[in-house]
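Work through the following exercises with the model open beside you, and try each task before reading its solution.

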Amino acid sequence: MIQENISLKPYNTFGIDVQAKRFTQVDTITELKHLIQSFPQEPYFVLSGGSNMLLTHDVEQLVIKLNIKGIEVIKEEEDFVWVEAQASEVWHDFVQWTLARDYGGLENLSLIPGHVGTTPVQNIGAYGVEIKDTMVSCKALHIQTLEIEEFTNADCQFDYRESIFKKAAKDQYIILSVVYRLSKKNHVLHTNYGAIKGELEQMGITSPTIQDISQAVIAIRSSKLPNPAELGNSGSFFKNPIVSKALFDVLVKKYPTLPSYVIDEDHIKIPAGWLIETSGYKGYRIGDAGVHSKQALVLVNYGHAQGIELKKLSETIQHEVFKIFNIHLEAEVNIF
């Protein structure tokens with residue numbers, strides 16, 4: 001059923017109140033194919049968890065809300081298991097599903113907002129782990145041909161918060177499901193990030209399990225990141241910039257406490273949150289658009305901010321960071 005003039009406020013984690021001129025929901029792949037066949041010339045706006053977007057205006061396209069769910073073990077060996085999750089499964093719930101079965105690999109990605117279907121699009125990552133480390137393949141519906149195609153890990157052309165679905169294949173496919181290869185035993189633990197080590201120490205844990213790491217990550221994220229149900233946000237708004245070693249050497253002389261992560265001998269990653277905070281924008285607010293007081297990487301909607309106001313705030317931050325550090329911050333959130 002096609003509904004008209006529907007507010008998308010409940011369907012995006014920023015809580016931006018824009019209108020969808022036409023709106024519908026689909027629960028199965030068959031329904032999705034039938035819908036597209038019924039409107040062959042229609043431009044679509046596909047909505048899943050609404051967690052990585054900033055809506056700045058009403059949506060003229062037909063908005064399709066995906067509700068395709070299901071989790072299935074499709075292959076199992078002594079050491080590993082292959083799990084297929086449908087696109088509309090809530091990501092954090094899926095991570096907890098894997099941990100309840102002692103499947104390892106996703107624990108560092110606990111509490112990241114969004115749905116399974118967006119994980120290969122964004123190559124989501126946190127605390128030293130990215131989706132590309134465990135994702136085997138994904139199935140996607142080609143909007144023009146209505147053929148279901150399979151993309152291997154290599155096909156996805158993963159990079160830092162990037163994939164083929166944000167570049168060459170942008171707006172051509174709808175992700176339907178994703179397959180992950182997870183460990184059943186001898187789990188490889190990723191505790192190198194200092195925040196995880198410190199949290200585990202506070203928890204009194206010296207030999208952590210994958211469940212312990214998940215709980216540590218949840219505690220860290222909960223202490224820094226606002227719950228979208230309570231304060232509109234989309235998690236990290238900007239990517240952590242990767243700069244040349246030459247620029248880093250210049251900056252570290254002026255800012256000796258500049259945090260960094262070595263990518264290779266020529267490139268260094270710098271936390272965007274530190275750059276924003278040092279620029280004086282942590283806790284900044286104009287109207288209902290603001291920067292979170294505990295984590296400068298997060299832009300927030302204090303209640304009635306418009307998407308365009310948050311966009312302008314993000315552009316102001318980009319301008320100031322570039323002026324001070326000669327570093328351009330790139331948005332991780334998709335802006336519409």
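**Exercise 1.** In which loop, between which two strands, does Ser236 lie?

*Solution.* This is a predicted model, in which local features need pLDDT of at least 70, side-chain atom pairs count only at pLDDT 80 or more, and totals for chains, interfaces and linings use all residues. Residues are numbered from 1 along each chain as its sequence is written, and side-chain values use heavy atoms, with hydrogens and water left out. Ser236 sits in the loop that joins strand S13 (232–233) to strand S14 (242–244), where strands are DSSP runs of E with at least two residues, numbered from the N terminus. Ser236 is partly exposed, its relative accessible area being 27% (buried means under 20%, exposed over 50%, partly exposed in between, with a 1.4 Å probe and protein chains only).

**Exercise 2.** Locate Arg161 and state which side chain its own side chain meets in a polar contact.

*Solution.* Arg161 belongs to the loop between strand S11 (148–152) and strand S12 (173–183), and Arg161 is buried, with a relative accessible area of 10%. Its side chain makes a polar contact with the side chain of Glu130 at 3.4 Å (a pair of N or O atoms within 3.5 Å, one able to donate a hydrogen and the other to accept it; residues adjacent in sequence count only if both atoms are side-chain atoms).

**Exercise 3.** Explain why the residues of the "active site" feature gather at one spot.

*Solution.* The unreviewed UniProt entry places this feature at Arg161, Ser236 and Glu332, although such annotations may be inferred rather than shown by experiment. They span 172 residues in sequence, yet no two of their C-alpha atoms are more than 11.3 Å apart, so they gather at one spot.

Conventions
Helix = DSSP H or I, 4+ residues; strand = E, 2+ residues; numbered from the N terminus.
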